[in-house]
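User: Could you walk me through this structure? I would like to take it one question at a time.

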Amino acid sequence: MLRKEVLAKLRSSKQEPMIDEDTKEEYKKKILDIYKDMKSMAYHTKGVPLGKLSDSPKLSLRPVTATSLVGKKLQSAGQKHGCWTCGKKMGADGAAGWVADHIPPYSLNMKRKVFKEFESKHNVFSSLPKWKLLPSCVDCCRKQSSVVAKLNKTKSLEDFEKEYNKNGDYLTGGPHYNPNHAVPTSSKRTDHARAKWIGETLHCHICGSKSTTSANTRYTADHLPPREFNTPYVIRLLLFAGIADREFKIMPQCVKCSGKQANFKSLAKKLRAIGAELGFKTAKGM
Ligand SMILES: [Zn+2]
Ligand SMILES: [Zn+2]
């Protein structure tokens, strides 16, 4: 059957693809290959099992809190087996290095009304160069993300001021800022800063730590299969290909790898494209 004919037939069908067995097998193989690619990104699969999907549909997508039982188990799995994607342990060489921190934070929304109000009153950010990169430890980098997220949601000038007074160091540079280690930049890229810092004795510009990770630095909870593979649409496609492996796990992941999840997104995108070719109707919330 020609591809054109397949597509025509699929478009005219309402529900499940009406295609001949050979074509069906071809598509199944394509889906299986993508699924294998996803699995091959895992270095190990030693995480915290969450049971079958049917038992815990919510838990398989819910964020994991540090104090929950799953969160605690996750940390010990991480300490024992390392990051499930690269196999490295938190704090090990290359697992999580110095974060090249944009000051002011790149993700701080300076176009918001509240921000502009704050700025016209206090004139804090206008005098800063945009941007410089400062070395930050992993913990402070995480904290900065949450501070910025809070600020980007502030509803009033008062709320913004309150958060700024409490956590301004995360926005304008911390007390341990060393001008020799500041690297000017005009872009989102940060690799040149890391290259400059090789061999240098660095301190986190916020907390002054000499190490990039601390005893408190936790593994990030990562879902296996990844969330992108856990939408009703993708699940239907996987079932079509005979993949019924619906066992869910929460995996320990180092900070560096957790920043590189784009691969899963592109794989899931490929799956959805196949679904479209097969004529699977888009489910809501996919
Ligand atoms: Zn890793
Ligand atoms: Zn720090």
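User: How many helices and strands are there in the chain?

Analyst: Happy to help! This is a predicted model, where local features need pLDDT of at least 70, side-chain atom pairs count only at pLDDT 80 or more, and totals for chains, interfaces and linings use all residues. Residues are numbered from 1 along each chain as its sequence is written, while chains are lettered from A and ligands numbered from 1 in the order in which they are written. Helices (H or I, at least four residues) and strands (E, at least two) are DSSP runs, numbered from the N terminus; the chain has 11 helices and 6 strands.

User: Which are the edge strands of the open sheet of 3 strands?

Analyst: The pairing in this open sheet is antiparallel, and two strands pair if DSSP finds at least two bridges between them. Its order is S2-S3-S4. An edge strand here pairs on one side only, which points to S2 (99–103) and S4 (183–184).

User: Which residue in S4 stands opposite Lys 132?

Analyst: Strand S3 covers residues 132–136 and pairs with S4 over 2 bridges, in the antiparallel sense. Opposite Lys 132, in S4, stands Pro 184.

User: Is Asn 123 buried or exposed?

Analyst: Asn 123 sits in the loop between H4 and S3, and has a positive phi of about 50° although it is not a glycine. A residue is buried if 20 or more other C-beta atoms, placed from the backbone, lie within 10 Å of its own, exposed if 12 or fewer, and partly exposed in between. Because Asn 123 has 9 C-beta neighbours inside 10 Å, it counts as exposed.
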